[in-house]
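Let's take a walk through this protein model, part by part. Keep the 3D view open and follow along.

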Amino acid sequence: MYCVRNVTEDLYWVGANDHRLTLFENIHPIPRGVSYNAYLLLDEHSVLFDTVDWSACRQLLENMDYLLAGKPLDYLVINHMEPDHGASIEEILLRHPKVKVISTEKSFLLMRQFGFQLDGHELIEVKEGDTWSFGRHTVTFVAAPMVHWPEAMVTFDTTDGVLFSADAFGSFGALDGKLFADEVNFDRDWIDDARRYFTNIVGKYGPHVQLLLKKAAGILDQIRYICPLHGPVWRQDLGYFIDKYDHWSRYEPEEKGVMIAYASMYGNTEAAAQALATQLCAQGVTNVWMYDVSNTHVSYLISESFRLSHIVLASVTYNLGIYPVMHNFLMDMKALNLQNRTVALIENGSWAVKSGDLMQKFLEDEMKNMTVLNDRLSMASALHPDKASELQALASAIVKSMQN
Ligand SMILES: Cc1cc2nc3c(=O)[nH]c(=O)nc-3n(C[C@H](O)[C@H](O)[C@H](O)COP(=O)(O)O)c2cc1C
């Protein structure tokens, strides 16, 4: 059965929802599913903007068949050919052999590299600033390299102010009938998944996102809709989401608050983390969040580290090293380019305590603009009452730095 929705009078969402995929990119859990968005414009010429994952191809075809009502598809615009969007390209070419495909040079190269059979089809290579008319609608193509693959572009429909934003402004979470961000309580129910999507998928490419935002800033008054390839379409309060993207891509925290991430085998480091959280709250901090790194998927840890201004890392020493799961979190923060955070450290060990020095070295040598507070809580096996003043000093140092 077809399942489509109007974005505008002649533009339709023809994508699909996926509740079966457990790990996005085979790594990030998506308990609320994900949507693969594709859009069909019915102008003098019909235009499909992007396709969907192979698993959702059938739904896309049913949606298109319903709207095209026997007519062939005239154009296929590929903003982003990554397989979760591009896997159905070949099927579209088979069913619509005369369709003209519009995309970037790099995108066609990658399609061939993935083994897509393009020979015999009309391929139109576009670059930054090129325009195309489909009848009433004229679009401009804008390069968006590394948002989040090198071949990516976005397409702006200057007639109706629709920005087909590829992976930018996307979110985890299946739509399940809703289409627009204003049809859900985005700030309550979606923002955490949107942040987790951005920070883990595109987080590394902040400067490239900033470049795209600068291009968008030039036409901000003309953008009426943002149509991403995952998650809701934006038609109201666009500034809310653009501002989030601006913070995330500049690696600026959204909120003053403390994330305490702890690694503990027998509970003693965890108890110290709890004692610190209690001290912080007693000293008036209202935004404190605790995470056991062993039980929290690193994609959630990354998302929280982008959200909050202060991070406490509490780790046992493990074979003269940092506890492996904590080390993995540090490596991921580095890989995703997280910067500009204040970090406090708690270390633990029973015979040769190393984790504090090692975490500090990693933060200072491997990452950018990370401020490590001088006060460190160092414990031998368990936190004893004689460390109460050190604990309090660490809490006070965090509070003081939050006031700056
Ligand atoms: C496999 C393993 C390796 C460890 N390696 C070290 C080490 O190199 N240096 C050290 O001081 N303690 C080491 N420890 C001890 C723990 O760091 C220590 O007992 C810690 O206090 C446990 O804290 P927890 O209760 O939060 O798990 C090791 C423990 C285990 C199980």
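UniProt, in an unreviewed entry, lists residues 258–399 as "domain: Flavodoxin-like". UniProt positions are given here in the numbering of this model, feature names are shortened, and annotations may be inferred rather than shown by experiment. The two end C-alpha atoms of residues 258–399 sit 10 Å apart, and the span is 43% helix and 34% strand. Helices here are DSSP runs of H or I with at least four residues, strands are runs of E with at least two, and both are numbered from the N terminus.

A quick word on what you're looking at: this is a predicted model, where local features need pLDDT of at least 70 and side-chain atom pairs count only at pLDDT 80 or more, while totals for chains, interfaces and linings use all residues. Residues are numbered from 1 along each chain as its sequence is written.

**The whole chain**

Zooming out, the protein chain has 12 helices and 22 strands. Its C-alpha atoms fill a box of roughly 80 × 40 × 35 Å, taken along the principal axes. Of the 404 residues in the protein chain, 45% are buried. A residue counts as buried if 20 or more other C-beta atoms lie within 10 Å of its own, as exposed if 12 or fewer do, and as partly exposed in between, with C-beta atoms placed from the backbone.

**Two domains and where they touch**

The domain assignment gives domain 1 (5–249) and domain 2 (255–403), with bounds that come from an automatic or database assignment. Their C-alpha centres lie 38 Å apart. Domain 1 puts 11 residues into the contact and domain 2 puts in 10; two residues are in contact if their C-beta atoms, placed from the backbone, lie within 7 Å. On the domain 1 side, strand 5 (28–29) and helix 5 (186–202) are the elements that give two or more residues. Helix 5 gives the most, with 5 residues. That side divides into 2 nonpolar, 5 polar and 4 charged residues. For this count, Ala, Val, Leu, Ile, Met, Phe, Trp, Tyr, Cys and Pro are nonpolar, Asp, Glu, Lys and Arg are charged, and the others, Gly among them, are polar.

**Around the ligand**

Which residues are closest to the ligand? They are Met-265, Tyr-266, Asn-268, Thr-269 and Gly-349, out of 19 residues that surround the ligand. A residue is near a molecule if its C-beta atom, placed from the backbone, lies within 6 Å of it. Helix 8 (268–282), strand 19 (308–318) and strand 21 (339–349) each supply at least two residues of this shell. By type, the shell divides into 8 nonpolar, 10 polar and 1 charged.

**The core**

The largest nonpolar core has 119 residues, and Tyr-39, Ala-144 and Leu-276 have the most contacts inside it. Such a core is a set of buried Ala, Val, Leu, Ile, Met, Phe, Trp, Tyr and Cys residues joined through C-beta atoms within 7 Å. Helix 5 turns up again here: 7 residues, the largest share of this core, come from it. Domain 1 and domain 2 both give residues to the core, so it lies between them. Tyr-39 touches Val-7, Leu-11, Tyr-12, Trp-13, Val-14, Phe-49, Phe-164 and Cys-227, leaving aside residues up to four places away in sequence.

Helix 9 (residues 298–307) is largely enclosed by the rest of the structure, because 8 of its 10 residues are buried. Among them are Val-298, Leu-301, Phe-306 and Arg-307.

**Some spots worth a click**

Here are a few buried residues with their counts.

| Residue | Place | Other C-beta atoms within 10 Å |
|---|---|---|
| Gln-59 | helix 1 (residues 57–68) | 22 |
| Asp-50 | loop between strand 8 (46–49) and helix 1 | 28 |
| Phe-169 | loop between strand 15 (162–166) and helix 5 | 30 |

Gln-59 touches Cys-3 and Ala-16, not counting residues up to four places away in sequence. Gln-59 and Ala-16 are 43 residues apart in sequence, yet 6.3 Å apart in space, C-alpha to C-alpha.

Now for some backbone oddities. Most residues other than glycine have a negative phi, and most peptide bonds are trans. Asp-50 has a positive phi, near 65 degrees, and Phe-169 has a phi near 65 degrees too. The peptide bond from Val-147 to His-148 is cis, with omega near 5 degrees. You'll find His-148 in the loop between strand 13 (138–143) and strand 14 (153–157).
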